[in-house]
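Please examine the structure below together with the report that accompanies it.

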Amino acid sequence: MHFAYDARTEELRGRLLAFLTEHVLPAEPVAEEQRAALASPWDTPAVVGELKAEARRQGLWNLFLPDSQDGSYGAGLTNLQYAPLAEITGRSPHLAPTALNCAAPDTGNMEVLAQFGTDEQQKQWLEPLLAGEIRSAFAMTEPEVASSDATNITTHIRREGDQYVISGRKWYISGAMNPDCKVFIVMGKTDPDGADIRRQQSMVLVPRDTPGVEVRRAMRVYGYEDHSHGGHAEVVFDEARVPVANLVGEEGGGFAIAQARLGPGRIHHCMRLIGMAERAIELMCRRAVDRTAFGKPLAQQGVVQEWIADARVAVEQVRLLVLKTAWLMDTVGNKGAHTEIQAIKIATPRAVVDILDRAVQLHGAGGVSQDFPLAELWAAARTLRLADGPDEVHQRSLARRELKRYL
């Protein structure tokens, strides 16, 4: 079910749906088999490279990034145009985004480099990222502080002559276990005692092979190691030195850059979540029709019908909210869409986790097994109630905005 989008979006939707059906979904079991035979679980299965080559051949590449510079970076799609495409990739979240070079955290990092990077930074890092030749990571979250408040960040970035020296410990740094991850965008404090707590932070580019950078271990998510996205790592920066030219934007601009990075990313995450929910509904319906219990198909059991009906209503509601948010971002900017951006981040993961939980329940033991994608999808969706800011942070900010009108 979908709206009548503009002609270009509809055309891309059709091509992307065909690519998903004909190439991505059949590749899921192949990728699992190939991964089991790899020397390292973090190496990329060969079928992923084949999918990327096919996506490029079909022109389904870098769809997430609007045109920048001379118009050669992205597909030139608006947030509203890209949103339904992100939803399609959410039906196979561990393969489809990577195949299209539209996977986090690379998407956000490419947006940062396109918007704030120097010509030299773009040539060295953005161009190979756009070509899918390397991967990247965004190092912000820390284990010692509540990173939901970015002003708590303790990683220190001090200047010594023409170098920055980075010291700190990060964790759940997505993509860092992938051997193709070649660069980190690291957020730390260049002015820890500054009067403005939102001007204390800066971002610097740190190549993975920089002395003093240690990718210490992979962090699991509900017991899963997210191989497809290159894992989530604990990373230690021990007096790692990089040239001052590796600063992204300006000193003190890290907080603002982080906020700019998160806006489009939340649209992407939420629409992929809706795609995950659509796949869960499809699996629920197939299971309900195929299975019999207590003398009749599950599809005729009243509680199952309620679950499926409620899932459909919930998906349609959050889709409308996310599309409205994408439209607002395109028309009035991220600041004008602030309330809606927070609303989708609260509402979408909650709704999708509930749908996936019902789908797991309907599949019985199979729902928590590796034979269906539901358990892993549930873990990913549940994690997004924490990633990019926990629900409670968005609720707090949104409530303050509502209350402000009455004070």
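The report covers a helix pair, an annotated domain and a cavity.

The model is predicted: local features need pLDDT of at least 70, side-chain atom pairs count only at pLDDT 80 or more, and totals for chains, interfaces and linings use all residues. Residues are numbered from 1 along each chain as its sequence is written, and side-chain values use heavy atoms, with hydrogens and water left out.

Two helices (DSSP runs of H or I, at least four residues, numbered from the N terminus) pack at an angle of about 160°, their axes lying 9 Å apart. Axes are lines fitted to C-alpha atoms over the stretch in contact, and angles run from 0 to 180 degrees between N-to-C directions.

| Helix | Residues |
|---|---|
| α8 | residues 302-336 |
| α9 | residues 338-363 |

Helices α8 and α9 are therefore roughly antiparallel (an angle over 145 degrees). The contact of α8 with α9 comprises 17 nonpolar, six polar and four charged residues. Here Ala, Val, Leu, Ile, Met, Phe, Trp, Tyr, Cys and Pro count as nonpolar, Asp, Glu, Lys and Arg as charged, and the others, Gly among them, as polar.

An unreviewed UniProt entry lists residues 137-238 as "domain: Acyl-CoA oxidase/dehydrogenase middle"; such annotations may be inferred rather than shown by experiment. Over residues 137-238 the chain is 0% helix and 49% strand (strands being DSSP runs of E, at least two residues), and the end C-alpha atoms are 17 Å apart.

The largest cavity (grid points, on a 1 Å grid over the protein atoms alone, where a 1.4 Å probe fits but cannot get out) is lined by residues including Lys-52, Asp-106 and Arg-135, a lining residue having an atom within 4 Å of a point. The lining divides into three nonpolar, two polar and three charged residues.

Definitions and conventions. 1 Å grid on protein atoms, 1.4 Å probe; cavity = no way out; pocket = protein on both sides within 12 Å on 5 of 7 lines; lining within 4 Å. Parallel < 35°, antiparallel > 145°, perpendicular 65-115°, else oblique.
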